[in-house]
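Let's take a walk through this structure together, one residue at a time. Keep the viewer open as you read.

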Amino acid sequence: MPRRYQTTYIEHQPKQRAEPSAPSVPLKDSRKRSLIVVASLVLLITAWILYQRWKNSVKLFQNCQALRVLSGDRIEVLYENRKLLVDLFCVDAPELGQKPYGRRARRALGRRVLNASDLTLHVHRMDENEAALAEIYHKGRNINLILVRRGLAAVSLPHCDQREYLRAEKRASSRKRGIWKKDGLHQEPWKYRRLKRKAKVNLPLYAEVRRENKTRAKRLARLKIKHRVSSKWRSAASD
């Protein structure tokens with residue numbers, strides 16, 4: 001008998017087109033990009049460091065004239081027809097209220113700068129209020145260092161890390177010069193200023209505490225009187 005062939009129909013499905021894949025980045029290109037990023041970061045960091053060094057670099061102000069001495073570590077000078085406040089670099093002199101050391105430091109500084117018209121300032125930093133933190137030189141002599149050597153001022157810690165100033169202070173303290181003859185807050189003016197600020201802030205607080213102590217004493221006195229009266233009544237009742 002003839003074989004019967006069974007016909008099967010297969011549905012024709014259209015071929016799906018493969019989506020175009022993202023072009024693969026070669027390994028060399030990725031390395032180049034990473035190197036560019038690292039190099040740009042290094043350049044930015046070096047530029048920032050150089051800017052900070054330029055900002056904190058020492059600048060010379062020549063032919064300055066001292067107008068007045070405000071304290072043992074601050075003067076006012078005339079530079080290029082404008083007034084400039086100058087704080088002595090690495091120097092912290094006693095305050096004027098710390099008698100007699102503050103006035104001595106101001107007189108000693110005045111003798112060295114007021115009669116000189118050719119002062120040279122080595123400016124380390126300029127403040128926002130146009131005050132300069134500087135070393136004062138006259139005829140090649142560092143006046144800041146002279147004040148520390150004579151024991152008229154202390155080294156401003158922890159802002160100063162100059163070895164010559166620290167050595168000068170150590171020598172002056174070992175020889176008991178100026179402020180190092182007697183122990184006290186005149187040897188640490190920054191502590192004196194801190195305590196003075198705290199006292200100014202807490203003055204109303206002191207008055208309030210004093211008032212509270214008075215009212216508390218009155219209350220205690222009343223309680224004592226009540227206790228005495230009650231004890232008398234108790235003793236009378238028991239009798």
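**A guided look at three residues**

L44 counts as exposed, because its relative accessibility is 58% and the cut-off for exposed is over 50%. You will find L44 in helix α1, which covers residues 27-55. Together with V37 and L41, L44 makes a nonpolar surface patch of about 290 Å². As you look around, please keep in mind that this is a predicted model.

Next, turn to Q98, which sits in the loop between β4 (91-92) and α2 (101-113). Is Q98 buried or exposed? Q98 is buried, because its relative accessible area is 7% and buried means under 20%. Who are its neighbours? Leaving aside residues up to four places away in sequence, Q98 touches L185, H186, P189 and Y192. There is also a link to the backbone: a polar atom of the Q98 side chain lies 2.8 Å from the backbone nitrogen of E95.

Our last stop is H138, in strand β6, which spans residues 131-138. With a relative accessibility of 19%, H138 counts as buried, because the limit for that label is under 20%. If you set aside residues up to four places away in sequence, H138 touches R112, A116, D118, L119 and I143. One of these, D118, deserves a second look: the side chains of H138 and D118 are joined by a polar contact of 3.3 Å. You can also check the spacing to L121, which is 17 residues from H138 along the chain: their C-alpha atoms are separated by 9.0 Å.

Conventions. Residues are numbered from 1 along each chain as its sequence is written. This is a predicted model: local features need pLDDT of at least 70, side-chain atom pairs count only at pLDDT 80 or more; totals for chains, interfaces and linings use all residues. Side-chain values use heavy atoms; hydrogens and water are left out. Helices (H or I, at least four residues) and strands (E, at least two) are DSSP runs, numbered from the N terminus. Buried means under 20% relative accessible area, exposed over 50%, partly exposed in between (1.4 Å probe, protein chains only). Contact means heavy atoms within 4.5 Å. A polar contact is a pair of N or O atoms within 3.5 Å; within protein, one must be able to donate a hydrogen and the other to accept it, and residues adjacent in sequence count only if both atoms are side-chain atoms. Patches are made of residues with over 30% relative accessible area and no salt bridge: like charges are joined within 9 Å, nonpolar side chains (Val, Leu, Ile, Met, Phe, Trp, Tyr) within 5 Å. Accessible areas come from the Shrake-Rupley method with a 1.4 Å probe; for residues, only the protein chains shown count as cover. A salt bridge is a side-chain nitrogen of Lys or Arg within 4 Å of a carboxyl oxygen of Asp or Glu.
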